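Open the model in your viewer and keep the sequence panel beside it. This tour suggests what to select at each stop and then says what is there.

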Amino acid sequence: SSPLCMYFDNIVLFTGSFQVGEHGTLLKKFCKGEQQCYLKLMKDSLRPFVPAYHGVVQKDNQDYNMMENLLNNFNSPYIMDCKIGSRTYLENELQLARERPQPRQDMFEKMVAVDPGAPTAEEQAQKAVLKSRYMQWRETLSSTTTLGFRIEGFKKPNEDCQTNFKKTKSKEQVIKALSDFVESNTQIVWGYLRQLRQLRQVLETSDFFKTHEVVGSSLLFVHDCSGKARVWMIDFAKTVTLPPHFRVDHQSPWVEGNREDGYLWGLDNLIDVLTNMLHY
């Protein structure tokens, strides 16, 4: 679930996976992989683009990763979560799903709810789909497979969280959603573009980025009416270390086995879409 809807005018709702810590921190349910990523990122050139990490704390017998609450210095913030990359599942998740091919009725129902024509005749007859098939199908609905990023949701001050972007696929639909988020304020678009272009440069120099498959990670966009706009990389639960000497360019199309995540391809497309918005 997106961290976004748990942010609510600077107060995080208690949803189990997030809690507000003391002194402007955020507690996220402990995940070993994410902890390892943050420890490395604190020493990497990407550090300015990720929340500061403060280690592990215990609360009510539950371990949490404690990090900076990125909303601290904003007044009534606008918040958006964009998932970056050409897929949001790891290769080994797909392999595991194939090794245990359980036809899933719940996934069939989710599929039909979105697109009644999506299941094959065989799937219709079984009223079930394999998880591996569902995972790959779901990615084709949004702009993940066409642009390498998708809007997970956004929240404006005093408004409900909007997360109905599962079928936002075309460039036009994405631009419409982004324009709604920034309320057509070009100053904010410029602010985000500056941040994204800086991030793009830093990614080229980052050891962390060179040595990891970055999947299911988001960019968190935050601005307020003062005109301040910031972008951070968040969500590293599915980011894994590549084998030694294994290289990805984060741009090439994913073919199973090549570990490509499409991160730079998605980021470049996002920069391109925001740049287009200035000329509309």
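Helices (H or I, at least four residues) and strands (E, at least two) are DSSP runs, numbered from the N terminus. With that naming in hand, select His250, which is found in the loop between E12 and H10. Keep in mind throughout that this is a predicted model. His250 has a positive phi of about 60 degrees although it is not a glycine, and its relative accessible area is 3%, so it is buried.

Now move to Asp235, in the loop between strand E11 (229-234) and E12. Asp235 is not a glycine either, yet it has a positive phi, of about 70 degrees. This residue, too, is buried, with a relative accessible area of 13%.

**The two domains**

Colour residues 3-86 + 148-277 as domain 1 and residues 91-139 as domain 2, which is how the protein chain is divided. The centres of the two domains, taken over C-alpha atoms, are 28 Å apart, and the contact takes 10 residues from domain 1 and 8 residues from domain 2. How much area is buried between domain 1 and domain 2? It is about 690 Å², and carbon and sulfur atoms give 36% of that. On the side of domain 1, select Lys167, Trp254 and Glu256, because these three supply 53% of the area that domain 1 buries against domain 2, more than any other three residues.

**Helices H2 and H5**

Select helix H2, residues 91-99, where Glu91, Leu94 and Ala97 are buried. Looking down the axis of H2, you should find that its buried residues fall within an arc of 125 degrees, so they line one face of the helix. Those buried residues pack against H5 and strand E9 (212-213).

From there, go on to Ser132, which has its place in helix H5 (residues 131-139). Is Ser132 buried or exposed? With a relative accessible area of 9%, and with buried meaning under 20%, Ser132 is buried. If its neighbours within four places in sequence are left aside, Ser132 is in contact with Leu94, Ala97 and Arg98.

**Helix H7**

Next, select helix H7, residues 171-182, whose 12 residues reach 16 Å from the first C-alpha to the last, close to the 16 Å expected at 1.5 Å a residue. Show the side chains of Val174, Ile175, Ala177, Leu178, Phe181 and Val182, which are buried. They cover an arc of only 165 degrees around the axis, and this puts them on the same side of H7. Turn the helix round and you will find Glu172 and Lys176 exposed on the other side. The partners against which the buried residues of H7 pack include strand E8 (149-155), helix H8 (186-205) and helix H10 (263-278). Just after H7 comes Glu183, whose phi is positive, near 50 degrees.

**The nonpolar core**

Which residues have the most contacts inside the largest nonpolar core? They are Leu219 and Phe221, in a core of 51 residues. The largest share of this core, 9 residues, comes from H10. Select Phe221 and display what lies around it: not counting residues up to four places away in sequence, Phe221 touches, among others, Tyr78, Met80, Phe181, Tyr192 and Leu270. Phe181 is one of the buried residues of H7 that you have already displayed.

**Three last stops**

Select Gln187, which lies in helix H8 and counts as partly exposed, at 47% relative accessibility. Gln187 and Gly227 are 40 residues apart in sequence, while 6.9 Å separate them in space, C-alpha to C-alpha.

Then find Val240 in strand E12 (residues 240-241); it is partly exposed, with a relative accessible area of 26%. Leaving aside neighbours within four places in sequence, the contacts of Val240 are Leu90, Thr211, His212, Glu213 and Arg259. A distance drawn from the C-alpha atom of Val240 to that of Tyr263, 23 residues apart along the chain, comes to 14 Å.

Finish at Thr25, whose place is in strand E4 (residues 25-29) and which counts as buried, at 7% relative accessibility. Beyond its neighbours within four places in sequence, Thr25 is in contact with Val20, His54, Met66, Met67 and Asn69.

Terms used
Residues are numbered from 1 along each chain as its sequence is written. This is a predicted model: local features need pLDDT of at least 70, side-chain atom pairs count only at pLDDT 80 or more; totals for chains, interfaces and linings use all residues. Side-chain values use heavy atoms; hydrogens and water are left out. The expected span of a helix is 1.5 Å times one less than its number of residues. Buried means under 20% relative accessible area, exposed over 50%, partly exposed in between (1.4 Å probe, protein chains only). The arc is that of the directions from the helix axis to the C-beta atoms. Contact means heavy atoms within 4.5 Å. A nonpolar core is a set of buried Ala, Val, Leu, Ile, Met, Phe, Trp, Tyr and Cys residues joined through side-chain atoms within 4.5 Å. Domain bounds come from an automatic or database domain assignment. Buried area is the accessible area (1.4 Å probe) that two parts lose on being put together, summed over both.
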